[in-house]
Amino acid sequence: MTLFSEKVFSVPGADSQPGEDVLSRQARYFSDEFLSRHLLDALPTVVAIVNDRRQIVYANKPLLDLVGVGDVEDLRGLRPGEALRCVRVATSGQGCGDGPMCHSCGAALAVLSALAGEAAEREFRISRQLD
């Protein structure tokens, strides 16, 4: 699968989103009644669970605190750069993963590696738009 084009890097799923029913079904795995949610919330580091379209299905408490929201519903369906308010999202055609700088974004590359079933660790910096 080729991810880089001559002009713009576009990651899979940048141009389409699954229906709300799919996101809701995926999110049920992280409802209050499941141990996984409580374990992920107890971690001191930021964790986001994304689907194959790179949409956030679950975000733990440290991530919610980092972006200043109180409920995972505020982030569900967003891509990581959108949730973190990456300044590059505004310059891309279709959001996180579609801009000219995305081809070198460590966050995008780490997510793509994980979706391909590969173990990856990438360092990255995101310039955030703060209110």
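These legends go with close-up views of two pockets in a predicted model.

**View 1. The largest pocket and the residues at its heart.**
Start here for the biggest open space: the largest pocket comes in at about 430 Å³. Its lining takes in 19 residues. If you want to find the centre, look for Ala-48, Pro-80, Ala-107, Val-111 and Phe-124, which lie nearest to it.

**View 2. Who builds the lining of the largest pocket.**
Four elements each chip in at least two lining residues here: strand S1 (48-50), helix H3 (61-67), helix H4 (80-83) and helix H5 (106-115). H5 gives the largest share, with four residues. As for chemistry, the lining counts 17 nonpolar residues and two charged ones, with no polar residues at all.

**View 3. The second largest pocket, up close.**
Next up is the second largest pocket, with a volume of about 330 Å³. It has 23 residues along its lining. Nearest the centre you'll find Cys-86, Arg-88, Cys-105, Arg-125 and Ile-126.

**View 4. Helices and residue classes around the second largest pocket.**
H4 and H5 each put at least two residues into this lining. H5 supplies the largest share of the lining of the second largest pocket, again four residues. Sorted by class, the residues around the second largest pocket are 13 nonpolar, seven polar and three charged.

**View 5. H4 and H5, seen with both pockets.**
H4 and H5 each give at least two residues to the lining of the largest pocket, and each do so for the second largest pocket too. Polar residues are missing from the lining of the largest pocket, whereas the second largest pocket has seven of them.

Notes. Residues numbered from 1 in each chain as written. Predicted model: local features only at pLDDT ≥ 70, side-chain atom pairs only at ≥ 80, totals over all residues. Heavy atoms only, no water. 1 Å grid on protein atoms, 1.4 Å probe; cavity = no way out; pocket = protein on both sides within 12 Å on 5 of 7 lines; lining within 4 Å. Points joined across faces, edges and corners; volume = space filled by probe spheres on them. Nonpolar A, V, L, I, M, F, W, Y, C, P; charged D, E, K, R; others polar.
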